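Visitor: I'd like to learn how to read a model like this one, feature by feature. Could you walk me through it?

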Amino acid sequence: STGRAVTVKQACELYAKDKPEAAARFRRYVYPEPIAKVKLAKLTARQVKAWRDQWAATPALVSRRSTGKPVTRARAASTLNRDITALRAALNLAFEHGDVLNNHAWRTALKPIKNADKSRDVYLDRAERKALIDALPNDAAAFARGLCALPLRPGALAALTVGDFDKRTNTLKIGKDKNGKDRKITAPANTAELLKEQTRGKLPGASLFTQAGGAAWNKDAWKGPIKDAVRAAELPDNITAYALRHSTITDLIADGVPALTVAQLAGTSVAMIERHYGHLLQEQATAALAKLAL
């Protein structure tokens with residue numbers, strides 16, 4: 001052993017010396033806490049678990065463009081995992097250096113949450129979707145609102161032109177999409193209002209949703225702002241624009257919209273809906289059967 005009476009904070013500082021991201025995490029969630037002053041030799045599993053439980057229960061602050069009351073949401077399991085991983089790595093380094101004789105205090109207490117990032121498509125609830133939109137610049141926020149209001153692929157939304165939306169009937173024609181067929185959606189009032197906003201001052205052939213400079217959206221253009229907003233809103237870092245489509249489809253099915261209708265709206269097949277959302281359809285069927293009982 002080195003014989004040094006190293007504290008949790010000192011172990012973190014040593015680990016984060018050349019790791020700015022870890023240093024920023026520790027400043028947020030370790031240094032202000034009582035655990036920071038505890039010497040590693042006296043650190044207990046109970047203290048580590050208490051810190052973890054408290055941090056897990058601390059709401060994540062959601063960044064907003066406008067000033068006002070701070071908006072918070074529940075901390076995502078994947079975010080907590082990243083924080084746990086950084087602290088565990090710092091303590092393990094101190095253990096390797098001989099600054100503490102064993103790792104019993106954190107070996108179990110800092111185990112990551114299983115399957116936090118397992119889902120192929122991440123589901124964002126309404127509060128999380130709003131948090132993402134609030135953290136985006138105005139042009140990207142409008143595009144994201146479109147993805148939250150319509151179950152379209154991001155590429156299909158980006159390909160829409162002003163002429164595809166009939167303001168008299170609130171009908172939207174979706175042309176370019178993976179299935180290759182044109183289809184029409186009648187937009188509800190709030191979605192129609194969003195679409196009307198996008199048409200202002202544009203010719204029929206112009207893109208319906210555009211970047212601030214007037215250029216059409218594409219994958220390379222929306223990827224950066226969404227990645228930045230995900231980080232600002234402290235959402236799981238595997239979220240992409242496609243997650244918004246997945247979330248809207250999930251909500252439509254959960255609200256009881258028939259699989260065939262959802263497939264038509266989303267421009268996909270019933271087989272795909274059944275394959276990826278079958279568990280929700282099964283829950284619906286069980287609930288419907290329950291109503292049959294006399």
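Visitor: Let's start with a helix pair. Is the crossing of H6 and H11 left-handed or right-handed?

Guide: This is a predicted model, so keep that in mind throughout. The crossing of H6 and H11 is left-handed.

Visitor: And what else describes a pair like that, in general?

Guide: Two numbers do the job: for packed helices you give the angle between the axes and the distance between the axes. Here, H6 (residues 126-134) packs on H11 (residues 241-254) at an angle of about 150 degrees, and the axes are 11 Å apart. That makes H6 roughly antiparallel to H11, since angles over 145 degrees earn that label.

Visitor: Which residues in H6 and H11 meet?

Guide: On the H6 side you'll find Arg-126, Arg-129 and Leu-132, and they meet Leu-244, Ser-247, Thr-248 and Asp-251 of H11. Sorted by class, that contact has two nonpolar, two polar and three charged residues.

Visitor: H11 also packs with H13. At what angle, and how far apart are the axes?

Guide: H11 and H13 (residues 270-292) pack at about 40 degrees, with 9 Å between their axes. The crossing of this pair is right-handed.

Visitor: How do the residues of the contact of H11 with H13 divide by class?

Guide: Look at the names to begin with. H11 brings Arg-245, His-246, Ile-249, Thr-250, Ile-253 and Ala-254, while H13 brings Met-272, Ile-273, Tyr-277, Leu-280, Leu-281 and Gln-284. They divide into eight nonpolar, three polar and one charged.

Visitor: Let's move to single residues. Where is Pro-151, and is it buried or exposed?

Guide: Pro-151 sits in the loop between H7 (138-149) and H8. Its relative accessible area is 6%, so Pro-151 is buried; the cut-off for that word is under 20%.

Visitor: What does Pro-151 touch, beyond residues up to four places away in sequence?

Guide: Pro-151 touches Arg-245, Thr-248, Ile-249, Leu-252, Leu-265 and Ala-266. Now recall the helix pairs: Thr-248 is among the H11 residues that meet H6, and Arg-245 and Ile-249 are among the H11 residues that meet H13. You can also check the C-alpha atoms of Pro-151 and Thr-250, which are 9.5 Å apart although their positions lie 99 residues apart along the chain.

Visitor: What about H8 itself? Which residues does Leu-157 touch?

Guide: Leu-157 is found in H8 (residues 154-159). Setting aside residues up to four places away in sequence, Leu-157 touches Phe-143, Gly-146, Leu-147, Leu-150, Leu-152 and Phe-209. With a relative accessible area of 0%, Leu-157 is buried. Its C-alpha atom is 7.4 Å from that of Leu-147, ten residues away along the chain.

Visitor: Where is Gln-211, and what is its relative accessible area?

Guide: Gln-211 has its place in the loop between H9 (189-199) and H10. At a relative accessible area of 23%, Gln-211 is partly exposed. Apart from neighbours within four places in sequence, Gln-211 is in contact with Asp-139, Ala-216, Trp-217 and Ala-221. Phe-143, one of the residues that Leu-157 touches, is 68 residues from Gln-211 in sequence and 8.7 Å away, C-alpha to C-alpha.

Visitor: How should I read the sign of phi?

Guide: As a rule, most residues other than glycine have a negative phi. Asn-170 is not a glycine, yet has a positive phi of about 60 degrees. Asn-170 lies in the loop between S3 (165-166) and S4 (171-174), and at 18% relative accessibility it counts as buried. Glu-234, also not a glycine, has a positive phi of about 55 degrees. You'll find Glu-234 in the loop between H10 (219-232) and H11.

Visitor: Finally, zooming out: how many helices and strands does the protein have, and what percentage of its residues count as buried?

Guide: The protein comes to 13 helices and five strands. Of its 294 residues, 43% count as buried. About 16200 Å² is exposed, and carbon and sulfur atoms supply 54% of that. As for contacts between residues at least 6 apart in sequence, 63% join residues at least 24 apart.

Note on methods:
Residues are numbered from 1 along each chain as its sequence is written. This is a predicted model: local features need pLDDT of at least 70, side-chain atom pairs count only at pLDDT 80 or more; totals for chains, interfaces and linings use all residues. Side-chain values use heavy atoms; hydrogens and water are left out. Axes are lines fitted to C-alpha atoms, for helices over the stretch in contact, and angles run from 0 to 180 degrees between N-to-C directions. Helices (H or I, at least four residues) and strands (E, at least two) are DSSP runs, numbered from the N terminus. Angles under 35 degrees count as roughly parallel, over 145 as roughly antiparallel, 65 to 115 as roughly perpendicular and the rest as oblique. A crossing is left-handed if the near helix is turned anticlockwise from the far one by less than a right angle, and right-handed if clockwise. Contact means heavy atoms within 4.5 Å. Ala, Val, Leu, Ile, Met, Phe, Trp, Tyr, Cys and Pro count as nonpolar, Asp, Glu, Lys and Arg as charged, and the others, Gly among them, as polar. Buried means under 20% relative accessible area, exposed over 50%, partly exposed in between (1.4 Å probe, protein chains only). Accessible areas come from the Shrake-Rupley method with a 1.4 Å probe; for residues, only the protein chains shown count as cover.
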